[in-house]
Amino acid sequence: MSQIEEVGLDKFKHLVSERALTGETMLLNMGPQHPSTHGVLRLLLELDGEIIVNCIPDIGYLHTGIEKNMEAKTYQKAEVMTDRLDYMNPIGNNLAYVMAVEKLVDLDVPARAQGLRVILTELQRISSHLVWLGTSGLDLAAMSMFLYCFREREQILDIFELVSGQRMMTTYFRPGGVWRDVPVEFEKAVRDFIKIFPKRVDQYETLLTKNPFLLDRTLGIGKLDVATALSFGVTGPPLRASGIDWDLRKARPYCGYEQYDFNVPTRTEGDTYARYLVRVQEMRESLKIVEQALNKLPLGPVRSGNRKFVTPPRSEIGVSMESLIHHFKLWTEGFSAPKASIYSAVESPRGELGLLLEGDGGPKPYRVHLRTPSFDNLAVLSQIVKGHLVADLVAILSSIDIVLGDIDR
Amino acid sequence: MDKKLEPIVKSLQDKFSATFEEFRDEVHLFVKPEQIVDALTLLRDEYNFELLSALTAVDYYPQETPRFHVVYQLTSIAKNLSVQIRVPVNGSSPKVPTATHVYDVANWRERELLDMFGIEFDGHPDPRRILSPEDMEGHPLRKDFPLGYEEPQFTFNFDEIDLRKPYAKE
């Protein structure tokens, strides 16, 4: 048995106010197991009555060494690790990873695969925002939101199951395209969703947007000003709610986002309510992109024909010697990437999801760094909760929309 | 290289005698550890690089001089530009001045590097481990830190491996 140490204040002396040392203010642990921390997050709060004086987040409870594990796998096999990163957004993580690999080895992707990637990523964005809306509804005592949101999310997960066989950890995108073409039922399933979803968002808004209880809990709470947001590297909806129009889909279009007509919702207030409005509006914009991408979806191959990086279709293996060799080489040894480093970023539902990918000329990545948006978005929490009540902390935390898998990696 | 990046690279070359590399339209500038704070301040104030998008490191073990590259990925929202700054650091007691007073985001990111690579940041206001437990030894993302694995147990060697497993013993 290892000894249980008595934890004194010494370790946190420089982080709390002097009043904590005299016992005038109280230190209170919120978490690691707490329904409102959205995962295993521990917040050490310094409280003056019910007012927060200081908030010290303690993370790492979900650290699984994804970056280290990816270094030990070939480029194709490392992709499954990215699904487990931000588990509300596995498809978006796959996209970030495959785009980084494609940039490193300079691989082209067929137009149909690009279209499918856009449709599925935007559906994933909607489903991620639905989980956020449902759980922040729970935090603000709007129990029914959770049930409504998960009903629609289920429909999206069914679409994922249809195309990839998995509801969450799909690994459907592959370097050079997607795993295989979508089945014929795909179009109808997505059209059904497009038809039903605008009405459902209207329903959510009827329940929440002008609800006096929600307004009481969110208006003017957790204000994040532009200078703080930028200095803390906040991206995604929290940054846009503070008034900066920065969306990588617009600013640096990838996967053909430049073909689609959509707006980037922004607000200037920077409070919890503004973040709520931005995300709800984003769901509508994402649906617009899905509809346009589905209408424009071209026919053709879904995987690149470059056999040095992409395995040949199963049907060719029985009849072509070269295909058999490529299949064998790619699945045993893998493909090699140049000795160079790239940084590639996509807009995940939470912000800028970036990958620093470095190759060493061999078939395994030398270094993968995942620049995850939740990590930096959480760091700003201690700044914006000061002076608020503990109950407001719950609302602010859920409005930042963190995912602990994304923070701890 | 992007036309808009040329004056920025030029000014960094003049001021800090920085060298640069280019790959797939990305620019990597190399500066010395003692210059990094000035370089970041210059980029933030003069050239509108408001966001420090990523701050990480790469370990080139067994190479010792330099063993690490500390990587600063900067983004300018106003100009829609990116630039990467790399700081080569030697293997024996790696030390870089902190950038926390230039970008607040550096606080947690530098704690992560201290934790994962053992790179120390001079003047950091809160130098504690961030992801691993406080009493952990070693730095997991260093290349000389073993990945570790569990031996697969089969019927014929189940008991033998079971004996070696670190179960709690009373």
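Start by selecting chain A: of its 409 residues, 60% are buried. Keep in mind as you explore that this is a predicted model.

**Stop 1: the whole of chain A**

Switch to a cartoon view, and you can look for 18 helices and eight strands in chain A. How does the radius of gyration of chain A compare with the globule rule? The radius is 23 Å and the rule gives 22 Å for 409 residues, so chain A is as compact as a globular protein of that length. Turn the chain along its principal axes, and the C-alpha trace spans about 80 × 55 × 40 Å.

Now show the surface. Chain A has an accessible surface of about 16,000 Å², and carbon and sulfur atoms hold 56% of it. If you colour by charge, you will be looking at 47 positive and 52 negative charges, whose mean positions are 5 Å apart.

**Stop 2: A:Leu62**

Next, select A:Leu62, in the loop between β3 (51-58) and α2 (66-71) of chain A. Is A:Leu62 buried or exposed? The residue is partly exposed, because its relative accessible area is 29%, and partly exposed covers the range between under 20% and over 50%.

Add A:Gly405 to your selection. A:Leu62 and A:Gly405 are 343 residues apart in sequence, yet 6.3 Å apart in space from C-alpha to C-alpha. Beyond its neighbours within four places in sequence, A:Leu62 also touches other residues, including A:Val40, A:Tyr87, A:Leu404 and A:Arg409.

Such links fit a wider pattern: of the contacts in chain A with a separation of 6 or more, 69% are between residues 24 or more positions apart.

**Stop 3: the aromatic rings**

How many aromatic pairs are there over all chains? A search of the whole structure finds 14. Select A:Trp132 and A:Tyr276: their ring centres are 6.2 Å apart and their planes meet at 40 degrees, so this pair is tilted. A:Trp132 sits in helix α5 (residues 111-139) and A:Tyr276 in helix α12 (residues 272-296), 144 residues apart. Both A:Trp132 and A:Tyr276 are buried.

Now bring in chain B by selecting A:Tyr366 and B:Tyr60. With ring centres 5.8 Å apart and planes at 15 degrees, the pair is stacked. This pair crosses between chains: A:Tyr366 is in strand β8 (residues 365-371) of chain A, and B:Tyr60 is in the loop between β3 (51-59) and β4 (68-76) of chain B. A:Tyr366 and B:Tyr60 are both buried.

For the last stop, select A:Tyr254, A:Tyr257, A:Tyr260 and A:Phe262, which ring pairs link into a cluster.

Technical notes: Residues are numbered from 1 along each chain as its sequence is written. Chains are lettered from A and ligands numbered from 1 in the order in which they are written. This is a predicted model: local features need pLDDT of at least 70, side-chain atom pairs count only at pLDDT 80 or more; totals for chains, interfaces and linings use all residues. Side-chain values use heavy atoms; hydrogens and water are left out. Helices (H or I, at least four residues) and strands (E, at least two) are DSSP runs, numbered from the N terminus. The radius of gyration is taken over C-alpha atoms; the globule rule is 2.2 Å times the number of residues to the power 0.38. Buried means under 20% relative accessible area, exposed over 50%, partly exposed in between (1.4 Å probe, protein chains only). Contact means heavy atoms within 4.5 Å. Accessible areas come from the Shrake-Rupley method with a 1.4 Å probe; for residues, only the protein chains shown count as cover. Lys and Arg count as positive and Asp and Glu as negative; His and the chain ends are not counted. The place of a charge is taken as NZ of Lys, CZ of Arg, CG of Asp or CD of Glu. Rings of Phe, Tyr and Trp (its six-membered ring) pair if their centres lie within 6.5 Å; planes under 30 degrees apart count as stacked, over 60 as edge-to-face and the rest as tilted.
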